[in-house]
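Look through the model below, then work through the questions and answers that follow.

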Amino acid sequence: MALNELISTATGAGNHFLILASICPIIFLLHNWFKLRHIPGPFLAKFTNIPRLSWVWSRRAHDVHIALHKQHGDLVRMGPNMVSVGDPLEIDKIYKLREPLNKSDFYHVILPMSKGKVLPGLFATQDEGIHRMLKKPIASTYSMTNLVSFEPFVDETIEVFFGQLDRRFVEGGRACDFGTWLQYFAFDVVGELTFSSRLGFLEGGRDIDNIMLDIWNWFEYVAVVGMMPWLDYLWVKNPIISRLRPAGYSPMVSFALKRQQERLEPLYIEKEVNNKDFLSRFIAAMEKDPSIPQWALLAWTSSNILAGSDTTAIFLRTIFKNLLQNPQTLERLRAELREASQTTGLSMPVTWKESQSLPYLDACVKEAGRIHPPFGLHLERVVPLGGMNVCGEYLREGTSVGMNAWVVHRNRAVFGEDADEWRPERWLGPEEQRKKMEASLLTFGGGHRTCLGKHISLLEIYKLVPSLLQEYDLEPLSLDKTWRIENRWFVPQFGLNVKLKKAN
Ligand code: HEM
């Protein structure tokens with residue numbers, strides 16, 4: 001072949017390659033757009049997940065989601081393959097009890113990697129077989145009927161918490177960074193419930209071994225990268241790269257492993273151990289069924305800490321923040337406590353049973369879960385084979401579909417025109433209205449994968465809030481509408497600064 005011919009053939013092939021290289025992305029983008037072209041949403045979100053990721057990065061994704069639903073209605077396309085649903089009437093369809101929709105790849109990002117392998121977990125596994133294997137042996141441990149047997153663990157942590165508040169803040173009259181102390185409480189109480197051993201934050205008055213910081217950084221990673229899970233496959237879950245990384249456990253996992261090893265020493269069992277904490281119940285479950293793999297123990301204990309500490313802390317801060325910002329509601333709650341203490345009597349700490357006959361407390365707890373649900377992103381699921389209809393529109397199989405509790409909880413048809421406001425009284429209305437609102441709450445998720453620890457966290461909340469208000473007067477030191485109560489470790493404080501005095 002002559003040189004000229006060779007050059008012209010090569011140039012021709014190069015041209016073809018260039019044409020193909022520029023057409024492919026266009027076809028890919030058009031394909032993305034076409035799949036859900038009938039669902040409205042922001043223009044860029046039809047082609048790429050970058051907008052979704054940037055909303056989470058800005059830490060205001062929940063605000064953006066609310067605004068987009070106001071603009072576009074009940075269905076909003078938030079990514080090329082992602083549809084957000086705002087209508088509470090669709091909860092039971094998306095979060096079914098039977099034949100549930102699978103969790104999306106967002107959850108895969110949550111699963112940790114060890115030695116080139118993904119470690120399954122109860123909260124995040126997408127595999128229903130693994131979920132069943134992990135949940136069945138321990139589900140009854142979290143049931144309402146078991147609740148009271150956990151009460152002593154919460155009592156003990158409340159006692160330690162109040163001891164520290166007295167010593168550090170009441171006696172010296174110093175300002176208390178209350179948001180941070182609620183965070184310490186929530187972490188320590190879950191440690192006590194799980195291992196009969198607090199993580200040590202309350203006694204230390206600090207984040208021991210950076211456990212909280214480590215979990216927070218991990219949440220930050222999961223939330224952002226979860227919007228584009230392929231980034232995680234590329235880097236963290238990459239089997240080759242993950243093997244090159246030095247093997248090591250997070251401080252929280254190290255803490256859990258240490259407690260497990262101590263517990264499995266026969267002498268230690270004889271020496272001390274209250275046999276009613278979660279760890280002993282988990283060990284009993286494993287002894288009962290030897291087919292359960294060893295790693296399940298760590299999956300159970302760590303899911304308690306990961307799923308149950310930060311969430312409860314956010315919930316507690318929401319209640320106190322709103323009570324302090326709306327003093328008339330704080331006064332109404334105090335009046336209810338005064339009356340109960342004068343008539344039926346209230347223990348210190350307030351018992352679960354006593355807390356269940358305080359309707360205004362109940363209204364405040366429900367309102368907090370409504371107005372500031374701790375899980376602030378979509379609970380994403382995958383549309384199954386054959387597709388499904390949601391809000392009257394057909395979604396083809398494989399579409400990611402999800403609801404954000406922040407959006408659903410502001411539905412005016414259900415919660416009223418003042419859905420953006422803190423108003424616990426809405427929960428004291430007629431029975432029918434209350435039931436309708438309760439059925440529209442997604443604070444703890446819904447259906448088959450609903451929160452396993454819901455009763456445990458409510459036990460903590462229903463006991464701590466009235467006990468604390470019985471014991472202390474709180475005077476807010478910095479109160480304005482710009483208060484943020486999400487965990488923001490890179491900002492020096494939560495802003496929930498108070499002066500504490502012993503209540504008369
Ligand atoms: C206020 C506190 C809490 C909130 C707001 C909360 C919220 C949630 C939500 C929304 C889900 C469902 C996630 C989804 O559908 O993808 C969930 C699941 C779960 N939560 Fe919680 N949670 C809280 C406390 C706890 C506590 C204290 C524990 C354990 C002691 C816990 C353990 C779990 C577990 C194990 C799951 C997975 C259940 C399953 O997939 O079967 N949570 N939680």
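Donors here are N, O and S atoms within 2.8 Å of the metal (3.2 Å for Na, K and Ca); water is not among the atoms, so sites may look incomplete. The model is predicted: local features need pLDDT of at least 70, side-chain atom pairs count only at pLDDT 80 or more, and totals for chains, interfaces and linings use all residues. Residues are numbered from 1 along each chain as its sequence is written, and side-chain values use heavy atoms, with hydrogens and water left out.

Q: Which protein atom is the donor to the iron atom of the ligand?
A: The iron atom has a single donor from the protein. The distance is 2.3 Å. The donor is Cys451 (SG).

Q: Where is Cys451 found?
A: Helices (H or I, at least four residues) and strands (E, at least two) are DSSP runs, numbered from the N terminus. Cys451 lies outside such runs, in a loop. That loop is between helix 22 (431–439) and helix 23 (454–471).

Q: What feature does UniProt place at Cys451?
A: UniProt positions are given in the numbering used here, feature names are shortened, and annotations may be inferred rather than shown by experiment. The entry is unreviewed. The feature it places at Cys451 is "binding site".

Q: What is the relative accessible area of Cys451?
A: Buried means under 20% relative accessible area, exposed over 50%, partly exposed in between (1.4 Å probe, protein chains only). Cys451 counts as partly exposed, because its relative accessible area is 33%.

Q: How many residues surround the ligand?
A: A residue is near a molecule or strand if one of its heavy atoms lies within 4 Å of it. The closest here are Tyr107, His131, Arg381, Arg449 and Cys451. The number surrounding the ligand is 25.

Q: How many residues of the shell around the ligand are charged?
A: Ala, Val, Leu, Ile, Met, Phe, Trp, Tyr, Cys and Pro count as nonpolar, Asp, Glu, Lys and Arg as charged, and the others, Gly among them, as polar. The shell has eleven nonpolar and ten polar residues. The charged residues number four.

Q: How many Å separate an oxygen atom of the ligand from an N or O atom in the side chain of Tyr107?
A: A polar contact is a pair of N or O atoms within 3.5 Å; within protein, one must be able to donate a hydrogen and the other to accept it, and residues adjacent in sequence count only if both atoms are side-chain atoms. Lys103 has a polar side-chain atom 2.9 Å from a ligand oxygen. For Arg381 the distance is 2.8 Å. For Tyr107 it is 2.5 Å.

Q: Which strand supplies at least two residues of the shell around the ligand?
A: Helix 5 (128–135), helix 15 (295–308) and helix 16 (310–325) each supply at least two. The strand that does so is strand 6 (378–382).

Q: Why is strand 6 largely enclosed by the rest of the structure?
A: Strand 6 has five residues. It is largely enclosed because the number of them that are buried is four.

Q: Which residue in strand 9 stands opposite Arg381?
A: Two strands pair if DSSP finds at least two bridges between them. Strand 6 and strand 9 (residues 400–404) pair in the antiparallel sense over five bridges. Opposite Arg381 stands Val401.

Q: How far apart in space are Val382 and Asp105, C-alpha to C-alpha?
A: Val382 is in strand 6. In sequence, Val382 and Asp105 are 277 residues apart. In space, the separation is 8.8 Å.

Q: Which strands stand at the edges of the open sheet with order 5-11-10?
A: This sheet has three strands with antiparallel pairing. Each edge strand has a single partner strand, so one side of each is left without a neighbour in the sheet. The edge strands are strand 5 (176–177) and strand 10 (472–476).

Q: Is Thr318 buried or exposed?
A: Thr318 is in helix 16. Its side chain reaches the backbone oxygen of Ile314 at 2.8 Å. Because its relative accessibility is 0%, Thr318 counts as buried.

Q: Which side chain makes a polar contact with the side chain of Thr194?
A: Thr194 is found in helix 7 (178–195). Thr194 is buried, with a relative accessible area of 0%. At 3.1 Å, the partner side chain is that of Asn304.

Q: What is the omega of the peptide bond from Met348 to Pro349?
A: Most residues other than glycine have a negative phi, and most peptide bonds are trans. The bond from Met348 to Pro349 is cis. Its omega is near -5°.
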